[in-house]
Amino acid sequence: MMEGDYHVGRILDTIKELGADDNTIVVFASDNGPYGEAAREFGNQGTPDMGNSGPFRGELGEATEGSIRTAAIIRWPGGGQPNTTSYAMFSIMDFLPTFAHIIGGTMPSDRPIDGVDQSDVFLGNRGMRNRESLLSFIGGDLVAVRWKQWRMYFTDVHPTGIGPQRQPGIFSTSAPMAGYPTGYNIEMDPTKTSSLQVYSAG
């Protein structure tokens, strides 16, 4: 924390020295949850602090809430609503189209763009969000999907063992699902204590 604060402080000081303080958006975000047990798979035996995902299950290399639900701090002097928070579903992929909209740019039309414009979230328009779904891949495998408040898992994510034997782990893409996919209402049950079994209609 101290080291991160030091380096972010140097960046902010430099932006101010350049006279760009009032027209620069600064984003401090993480793309995944804590390092956790995955540290051992990279040979970092005895790492004193492997992070903590708080009440959420999962860590780096998985598709659970503890792995993909991360905090982001956005500093935008003169833009948006100060001292506000949002729990809108937001992907790092959304930064590109959002920033393009804010600066009056256009997105390329000759290729698929996975991100969506979330400038309403940046502007503090409560209740406004343009993303209702999110696909989670590990490698080439689709392992989970979220739609609104519902999140469904297509693989079992119950790590066992340590080091390279840990499953699913950072180097394993899936663990076979024993039965039907498992779903959760993650707005009512963010820690996933009550699962909903998903059955085929026919």
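K148 sits in the loop that links β4 (141-147) to β5 (150-153). In this predicted model, K148 takes a positive phi of about 55 degrees, and that without being a glycine. How buried or exposed is K148? With a relative accessibility of 29%, K148 falls into the partly exposed group, because that group runs from the 20% limit for buried to the 50% limit for exposed.

A positive phi also turns up at N83, again about 55 degrees and again in a residue that is not a glycine. N83 belongs to the loop between β2 and α4 (95-102). Here the relative accessible area comes to 83%, and N83 is therefore classed as exposed, the cut-off being over 50%. A glycine gives a further case: G19, which comes after α1, has a positive phi near 75 degrees.

As for the chain as a whole, it holds five helices and seven strands. Read from the N terminus, the order of elements is α-β-α-α-β-α-α-β-β-β-β-β. The chain has 202 residues, of which 30% are buried. Among contacts with a separation of 6 or more, 53% are between residues 24 or more positions apart.

Back at the start of the chain, α1 can be checked for length. It has 16 residues, and at 1.5 Å a residue these should span 22 Å; the C-alpha atoms at its ends are 22 Å apart, so the two values agree.

α1 also matters for the description of the second largest pocket, a space of about 570 Å³. Twenty residues line this pocket, and those closest to its centre are M1, F28, A29, S30 and A71. Which elements give two or more residues to the lining? They are α1 (2-17), β1 (26-29) and β2 (72-75). The largest share, three residues, is the one from α1. Sorted by class, the lining has nine nonpolar residues and nine polar ones, plus two that are charged.

Next comes N32, placed in the loop between β1 and α2 (38-41). Leaving aside residues up to four places away in sequence, N32 touches L60, S67 and T70. E65 is 33 residues from N32 along the chain, yet the C-alpha atoms of N32 and E65 are separated by 9.6 Å.

R131 is a loop residue too, found between α5 (119-122) and β3 (133-138). Is R131 buried or exposed? The relative accessibility is 7%, and R131 therefore counts as buried, since the limit is under 20%. What does the side chain of R131 pair with? A polar contact of 2.6 Å runs between the side chains of R131 and D94. In addition, a polar atom of the R131 side chain lies 3.2 Å from the backbone oxygen of D114. D94 and D114 are both in the list of residues that R131 touches, once residues up to four places away in sequence are left out. The rest of that list is made up of M89, S91, M93, G115, V116 and Q118.

Notes: Residues are numbered from 1 along each chain as its sequence is written. This is a predicted model: local features need pLDDT of at least 70, side-chain atom pairs count only at pLDDT 80 or more; totals for chains, interfaces and linings use all residues. Side-chain values use heavy atoms; hydrogens and water are left out. On a 1 Å grid over the protein atoms alone, a cavity is a set of points where a 1.4 Å probe fits but cannot get out, and a pocket is an open set with protein on both sides within 12 Å along at least five of seven lines; lining residues have an atom within 4 Å of a point. Grid points are joined across faces, edges and corners, and a volume is the space filled by probe spheres set on the points. Helices (H or I, at least four residues) and strands (E, at least two) are DSSP runs, numbered from the N terminus. Ala, Val, Leu, Ile, Met, Phe, Trp, Tyr, Cys and Pro count as nonpolar, Asp, Glu, Lys and Arg as charged, and the others, Gly among them, as polar. Contact means heavy atoms within 4.5 Å. The expected span of a helix is 1.5 Å times one less than its number of residues. Buried means under 20% relative accessible area, exposed over 50%, partly exposed in between (1.4 Å probe, protein chains only). A polar contact is a pair of N or O atoms within 3.5 Å; within protein, one must be able to donate a hydrogen and the other to accept it, and residues adjacent in sequence count only if both atoms are side-chain atoms.
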